[in-house]
Amino acid sequence: MTAGAPAPEGRPILDPATGRVITRLPDTGERAVADAVARADRAFREHWADVPPARRSDLLRGLADLLRTEREEFTALERLNAGKPTARAEGEVDFAARVLDWFAAAALYPVGETHPTGPGMRTYTDRVPVGVCAAICPNNYPLLLAVWKIAAALAYGNTIVVKPAPETPLSIRRLVERAADVLPDGVLTAVYGGAGTGRLLCDHPAVGMVSFTGSTAAGREVARRCADGVKPVSLELGGKSPVVVFRDADLEAAARAVVTGFTGNTGQMCVAGTRLIVDRAVHAEFVDRVVELAGGLRVGPPADPGTDLGPLITRAAVERVVETVEEAAVRGAKVILPPGRSAVRPDPGGGFFVNPVVLDAAPPDCRAWREEIFGPVLSVASFGSDAEALALAHDTAYGLSASVWTSDAGRVERFSRALRAGMVWINTWGDTEETVSVSGLGQSGYGRELGLHAVEGYTRPRAVWVAHRAGG
């Protein structure tokens, strides 16, 4: 910067692959946040709540078509701003379009019941939109998870104000700008910034509900602030998900799933399978195979077609991974890097890259076993009985997801019934579809995303009694 030149305005938005500033985006101030909510409230009250479901359905399909038409542009923004390899970014744009299509159909599904009554009375229940929804979104899936919330809110007659994560606003900014050609004014708006902007949305009296995806600590604050206004919230929070592998499993398939589960999106997934709980009889050979497979993954620039794992989202995220691994080593864990890797951090320079790490015999009191790290770090423990395996799986305050690998049908049924997790995968990992509602248990949150049950968060049930004169 030249001496005497004014400082650049706005929050720097970085390319995590290089650490360089892409652009700057000012945080939305208090007055501008209030204006955005007022626009959304006005749009809801003046026209959107009365738009017929068939018309809302058409408009959502229009947004899906927009994503498909501009797939290359949205992919490029996710690659640049979120560090996603091209194939992953393309898949997420496609998934977002399917979610919009699904909720376009869901807008036409019947809701409510008619109750039996006597002559002169008709009694029914229905669902009404909550009004203005606020969506506070994370940095690991900037476009996709925002669209989960946008699609559900709009399908059921709400308007919505979206706040993307401060590190990754670019794809949502483009979506909102382009959606102005599809949706009426005020139906979909965005505000920008960090926790302060989110607090303004939670506190605003015209916001009818808040849908939040992020850390459990931040989710607690969202819930506390919304409680003051008796405001409903949907919280999709952290996880520390177990993958339980028995000796009778298809070990090759399980090993591949474990590697995908802890390295996918460079470990930046709330459902990441970061705790491997493996039968003691196959422990050594299974861990060796996991390490071997992880060694075949290429860490590198997102634009390179050969890249499997891009960067973490911030430099602070890299430091957190390094510190977690060092702390586990001090406590006695065996740190295993894939073949050919000599350090957790391959590039101490510009980009925010880390190598996959396996922590064998991770002690139960270390951060790597207990806390969500949001990086490609796998903690390993072994078991000798079904009861011990289940106890290790439940050795966490979280309850987002769990995966079990076994060929024993009885064990499949027992673990399916016993596991305390909102998503349970048996002999598979990570399956997610727009038609299936998902949520967590324990400190992983509450409220439903996707599927038919999403209606519960974005509407409120009513009971209606209509008296009329019996007879002719």
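I count two strands as paired if DSSP finds at least two bridges between them. With that settled, I opened the model, which is a predicted one.

**Entry 1: the open sheet**

I looked up a sheet of 3 strands and found it open, with the order 3-4-20 and antiparallel pairing. Strand 3 (113-115) and strand 20 (459-467) are the edge strands; each has a single partner strand, so one side of each has no neighbour in the sheet. I also checked the twist: neighbouring strands here are turned by 25 degrees against each other on average, direction ignored. Then I went for the ladder between strand 4 (residues 121-129) and strand 20, which run antiparallel and are joined by 9 bridges. I picked T125 and asked which residue is its bridge partner in strand 20. The partner turned out to be A463.

**Entry 2: a glutamate without a partner**

Next I went to E236, which sits in strand 9 (residues 233-236). E236 is buried and still has no salt bridge. How far away is the nearest side chain of opposite charge? That side chain is K149, and I noted 6.5 Å. The cut-off I use for a salt bridge is 4 Å from a Lys or Arg side-chain nitrogen to a carboxyl oxygen, so K149 doesn't make it. I listed what E236 does touch, leaving out residues up to four places away in sequence: F212, T213, G214, C270, L400, S444 and E449.

**Entry 3: aromatic rings**

I got 7 aromatic pairs for the structure. W102 and Y109 make one of them, edge-to-face, at 5.8 Å centre to centre and with 90 degrees between the planes. I checked exposure too: W102 is buried, because its relative accessibility is 12%. Y109 is partly exposed, at a relative accessible area of 36%.

Then I turned to F246 and F415. Their ring centres are 5.5 Å apart and their planes stand at 80 degrees, so I logged this pair as edge-to-face. Where in the chain do F246 and F415 sit? F246 is in the loop between strand 10 (242-245) and helix 9 (251-263), while F415 is in helix 14 (residues 409-418). The two are 169 residues apart, and the pair links distant parts of the chain. F246 counts as buried at 2% relative accessibility, and F415 counts as buried at 4%.

I went back to W102 and Y109 to see what else they join. Ring pairs link them with F103 and Y156 into a cluster.

**Entry 4: V176**

I found V176 in helix 6 (residues 170-179). Is V176 buried or exposed? V176 is buried, with 15% relative accessible area. Skipping residues up to four places away in sequence, V176 touches L188, T189 and A190. I also took the C-alpha to C-alpha distance from V176 to F286: 46 Å in space, for 110 residues in sequence.

**Entry 5: positive phi**

Most residues other than glycine have a negative phi, so I went looking at two that go the other way. V230 has a positive phi, near 50 degrees. V230 belongs to the loop between helix 8 (216-228) and strand 9, and V230 is exposed, at a relative accessible area of 73%.

N265 has a positive phi as well, near 55 degrees. I placed N265 in the loop between helix 9 and strand 11 (275-279). N265 counts as buried, at 6% relative accessibility.

Technical notes
Residues are numbered from 1 along each chain as its sequence is written. This is a predicted model: local features need pLDDT of at least 70, side-chain atom pairs count only at pLDDT 80 or more; totals for chains, interfaces and linings use all residues. Side-chain values use heavy atoms; hydrogens and water are left out. Helices (H or I, at least four residues) and strands (E, at least two) are DSSP runs, numbered from the N terminus. Buried means under 20% relative accessible area, exposed over 50%, partly exposed in between (1.4 Å probe, protein chains only). Lys and Arg count as positive and Asp and Glu as negative; His and the chain ends are not counted. Contact means heavy atoms within 4.5 Å. Axes are lines fitted to C-alpha atoms, for helices over the stretch in contact, and angles run from 0 to 180 degrees between N-to-C directions. Rings of Phe, Tyr and Trp (its six-membered ring) pair if their centres lie within 6.5 Å; planes under 30 degrees apart count as stacked, over 60 as edge-to-face and the rest as tilted.
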